[in-house]
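Thank you all for coming; I would like to walk you through one model this morning, beginning with its core and ending with its charged pairs. Please have a look at it first.

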Amino acid sequence: DLFGSGISPEEAAKRVGRDLDTKPWTSLMSQHWRREPLGDNNPMAAENRAGRALSRFTAARIVVVTQDAALHALVHRPQLATVDQLLHERRIEEAMAMVERALAADPTLSARNDEVAYCFQMAGSVCLKNMLLDDALHFFQRGSLDPRALVHLFPDIAEYLGSLLVPFARIPMASGLRRLFYDISDAQKLVHTGAEQLAGDNGEQVAALRETLGANVLEMAQRYLEHCRAQMLRGVAYQHSFAPDSFPVIDTALVRLYVANKEDQKLRKLIASKDNGIVSDLACQYLMDTHNYYSCSLLYMAQGDGAAKVLDIWHRLLQPDDWEDARFGGLPEYLDYVQTIGDQPTLLDEYYWLVDHDYIDASLQLLACLSDETVMSIDADRVVQRTETATNDQPLRILIERLISATHPRATHYMTYLVYAYVRQIRDHYNDSSTADSSAERDAFACAQADDLTLTYRTFLSSLDTEGARLHVQLVNTLCVSPPTYDARLALEYIEAQANDLMVLERAVILAVLDQIDSAVDLLVNELGDYAEAELLLLAPEMPNSLAHLLVSTTSAHEVSTAGRRESVLKLVAMYLNLAHKGHDEIAARLVARLLDRYFVYLDASVLEGIPDHWPYAAVAEPFVLRSLQLAKRNERHASVVRGLHESLAFASKAELAAETKENGAIVLDYSQTCAKCKKLLGSSAFVFEPDTEQ
């Protein structure tokens, strides 16, 4: 493989001792592989590198021959020229085998050298032109093809990148490689040509092959850009490293390729990476145009200051008749993101948005995140009106309770609404639930009360771990708020109309609020069977666990005279005796015996006249009789002592009078004398001695 290059003797004389080594060969070969002096390359540096690289890879040996008046140089054909020729003949395996042998034989050579990189890049381009995509990817990776050059083979992506992508003419590359890229022009044309060659005239097969080959080409481009990105992040020091402006081109192009290749996870990972170089304006516009709304929102989110844009997109996705994106996590993801923002004005705006768009249950999660100060600024009329449209009353109840806890100016106005909400919720709970049974709860209370007559229904409900019991307790606590800010009469009417039998305790509480104690006690005894609560309300209003104590406004219940206490005890005894007539003989006997034993001081023997004869005397009447006799005996002893003291005082007074009279004589007053203090005539005035003050 020898060929000659003739030069004139005059030209030879000029080159003697200066550059007669490989310069003629260099000038001939550089037209195929040298980097053009454009873009970000220094022309002089590129030319110098070219000379040194060729001198290594060509291993040129020059033989000078003179003949007549001519001078001839005979040069061995370099391996680079052979490889280049093989690649143009599409003999890729032979060309690459020669390159590998050269790399193995010369330790100074590597894929980072210009001429070797050129071979790999040319091989990859030839493979790409012939749709050998895996081989093309492999050789591009070995030769470190400028990723911007590959992107130019996809005009739609290049148009999408716009001015971010430098013109193809400004990308440094060997001129022979550039010509090949110009020849390829558009990767999609290769796809169409390849599909038609493989499928012939079969239209369906051509279409299917186009789709498959098109996806394969895009996948190849994606994998190469991923490779380039990894190399740049690792900081691999190539002799000709990728230009710095390649990184945003790679990442922004990958966004489009991931969408085209349906690589959702990779796209999310790229967006979430802190070191991504995505140009958001270009990527977001493309994502929105292709209806990848959720991915666009993630990109805004990754920017750190795009919360408003994220929420705008998600609002559209949450509306059923608007945008759709199956990747969006719906309300749970939306709520999690909003709560992580932590900004009170944003939380309030999103709370209003949820309420206005009928996401009432979801709005409660944001309501819980609002500070008291923010809750106080809520337009209560607006949100209450919207919340009332919910399918159940729990959201309205929670809303009003939150307004109350934050001392919202309109909270007291909605207290009656809160009572209504509780009533409806309790009614619906027992009517709609197959497991909730109010009569079963009362039966269980009756059994528990049989063992402990001091047990109240309120205490019993508090011990139950059921939804119905919790609702009852919460409503009772709301009704016992002092001073009551709800309309008690309207609340009572509403309960009687909606759930009269379910809410006996609540009706009794409201009656107590209205100061109708007797009616409340009648309900507790005759309908609910809550005897302990009735006794506390009527006989021990000062006790901390009494309803009367909770209802501070019912002050009359705290001021019970002895006569009033006696009347109340007799009233309860009569109610309990009436229970016996209704068939509750055993519990009535125990209740009467308990009353007689505890309040015997207010009773006399006449109370025993109503005791049924068949009741056991020892259990019911005997303790009362014994304690009454003990009290009578104690009172008699006390009266005797008091009488003796009074007689002693009277005797002492008489003795003192006699002594004064004997010593000073009797003091006689008539109508004409005046008082020494007020100077008024005594007349018929009477004189009184006060023992306590001795005046």
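The largest nonpolar core, meaning buried Ala, Val, Leu, Ile, Met, Phe, Trp, Tyr and Cys residues joined through side-chain atoms within 4.5 Å, has 196 residues, and those with the most contacts inside it are Met96, Leu128, Leu150, Tyr334 and Tyr351. Buried here is under 20% relative accessible area, exposed is over 50%, and partly exposed is in between, with a 1.4 Å probe and protein chains only.

I should say that this is a predicted model, in which local features need pLDDT of at least 70 and side-chain atom pairs count only at pLDDT 80 or more, while totals for chains, interfaces and linings use all residues. Residues are numbered from 1 along each chain as its sequence is written, and side-chain values use heavy atoms, with hydrogens and water left out.

Turning to the charged pairs, a salt bridge is a side-chain nitrogen of Lys or Arg within 4 Å of a carboxyl oxygen of Asp or Glu, and by this rule there are 26 of them. In one of these, Arg229 pairs with Asp251, with the closest N and O atoms 2.5 Å apart. Arg229 is buried at 12% relative accessibility, and Asp251 is buried as well, at 0%.

Glu535 forms a salt bridge with Arg594, again with closest N and O atoms 2.5 Å apart. Glu535 is buried at 4% relative accessible area, and Arg594 is buried at 19%. Finally, a network of salt bridges links Glu89, Arg91 and Glu94.
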